[in-house]
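Dear colleague,

I am handing over the structure we spoke about, and I would be glad if you looked through it before reading on. My notes come after it.

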Amino acid sequence: MEKIILTGDRPTGKLHLGHYVGSLRRRVELQNSGNYDKIFVMIADAQALTDNADNPEKIRQNIIEVALDYLSVGLDPAKTTIFIQSQVPELTELAFYYMNLVTVSRVQRNPTVKTEIKMRNFEASIPVGFFCYPVSQASDITAFKATTVPVGEDQEPMIELTREIVNRFNNVYGKTLVEPEILLPDNAACLRLPGTDGKAKMSKSLGNCIYLSDTAKEVAKKVKSMYTDPQHLNICDPGHLEGNCPFIYLDAFVRDEHFERYAPDYKNLQELKDHYTRGGLGDGTVKKLLINVLEEELAPIRERRHAFEQDIPAVFDMLRRGSEAAREVAAQTLAEVRRAMRINYFEDADLIAEQAKKFTAGK
Ligand code: TRP
């Protein structure tokens, strides 16, 4: 069986370090591993509209930001099909059929949807489209017969629901769809990178993000104001690592070779952590190391972004070609789905003959 990846992001803002360690960095590795036959990366504008119905302009403006972020981290349109969800209308038709295979209470139990409902104050009135987005996400995945969905842990309930829909569909209509597997980030710190304020998640609305498009100066400023250990008042005091942002970020980014370059007194992160918890190591030193490490990773991304920004029409052209290619694949799956559901009336010669016979029998 072919190995196929599908994943994507809602275009509600520029992508940040949380996206980078949680998914983007991995996608580029997967793309370049040669282990996958096809890779699709989707800008999920239709899903973004499910809770931004009154602000389509926000989505419209951020399509290009996300596309630039993709290209600048190293997604390569020659290897990865990058496309826009709304430009593949086959996906909505699939979702409409899948909705019949899912109960309301099943979606209500989805912890990610629950959290989002609270966050958006939707408790009193949930838009139907928003409520159904997990089902539409099953269409995104199955339309491309994805075997592998690399996403953050918050997307786990969506993949689980997709697997249920696939099983239900295949049971009811015959084997047609492919059951996908989730591929979670492999480093615990990457499962969910906290915001610079120490809050559980990096998120635009909390204003605690470091963006891929931030300048070196902006990054340094944000690191310097990062939340550390509030009890670590004097350098000689023992420090605590738990919830300490610079250390969590180092977990996600630092490699042993960085120590030679930027902190030669230590061999690796463990030694640095030991010193910190013993006492005698100031936050400023840890932050300086982090700034250097981040800069090494972000500088080439920033440079590539700047280069792509010089030819925006070419980026839109890439998205158009990607969307056309994606549409061909989704149309093929949709045709198979219609055939399995036996709603392909006009290509069903048996049906037409049978009906004709029924109405002329005995005459
Ligand atoms: N729900 C994802 C997010 O919020 C975006 C998304 C839409 C997605 N469809 C998908 C991710 C299919 C993986 C597979 O970022």
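Below is what was found, beginning with the ligand and then moving on to some helices and two acidic residues.

Please keep in mind throughout that this is a predicted model.

The ligand is surrounded by 14 residues, and the closest of these are Arg10, Gln47, Gln137, Asp140 and Gln155. Several of these side chains come up to nitrogen atoms of the ligand: for Asp140, a polar side-chain atom lies 2.8 Å from a ligand nitrogen, for Gln155 the corresponding distance is 3.0 Å, and for Gln137 an N or O atom of the side chain is 3.1 Å from a nitrogen atom of the ligand. Taken on its own the ligand has 370 Å² of accessible area, and the protein covers 90% of it.

Two helices are worth viewing down their axes. In α4, which runs over residues 90-98, the buried residues are Glu90, Leu91, Leu94, Ala95, Tyr97 and Tyr98. Because they cover an arc of only 160° around the axis, they are on the same side of α4, while the face turned away from that buried side carries the exposed residues Thr92 and Phe96. In α11, residues 216-224, it is Val219, Ala220 and Val223 that are buried, and since their arc around the axis is only 100°, they too sit on the same side of their helix. Lys217 and Lys221 are exposed on the other side of α11. As a reminder of the geometry behind such patterns, an α-helix has 3.6 residues a turn, so residues three or four places apart point the same way.

Asp348 is found in the loop between α16 (312-341) and α17 (349-360). What is the nearest side chain of opposite charge to this buried residue? It is that of Arg342, which is 4.5 Å away from Asp348, and Asp348 has no salt bridge; the cut-off for a salt bridge is 4 Å. The side chain of Asp348 does, however, reach the backbone nitrogen of Leu351, at 3.0 Å.

The other acidic residue, Asp274, belongs to helix α14, which covers residues 269-278. Is Asp274 buried or partly exposed? Its relative accessibility is 34%, and it therefore counts as partly exposed, given that buried means under 20% and exposed over 50%. Although Asp274 and Pro238 are 36 residues apart along the chain, their C-alpha atoms are separated by 9.7 Å.

With best wishes

Key
Residues are numbered from 1 along each chain as its sequence is written. This is a predicted model: local features need pLDDT of at least 70, side-chain atom pairs count only at pLDDT 80 or more; totals for chains, interfaces and linings use all residues. Side-chain values use heavy atoms; hydrogens and water are left out. Helices (H or I, at least four residues) and strands (E, at least two) are DSSP runs, numbered from the N terminus. Buried means under 20% relative accessible area, exposed over 50%, partly exposed in between (1.4 Å probe, protein chains only). Lys and Arg count as positive and Asp and Glu as negative; His and the chain ends are not counted. A polar contact is a pair of N or O atoms within 3.5 Å; within protein, one must be able to donate a hydrogen and the other to accept it, and residues adjacent in sequence count only if both atoms are side-chain atoms. A residue is near a molecule or strand if one of its heavy atoms lies within 4 Å of it. Accessible areas come from the Shrake-Rupley method with a 1.4 Å probe; for residues, only the protein chains shown count as cover. The arc is that of the directions from the helix axis to the C-beta atoms.
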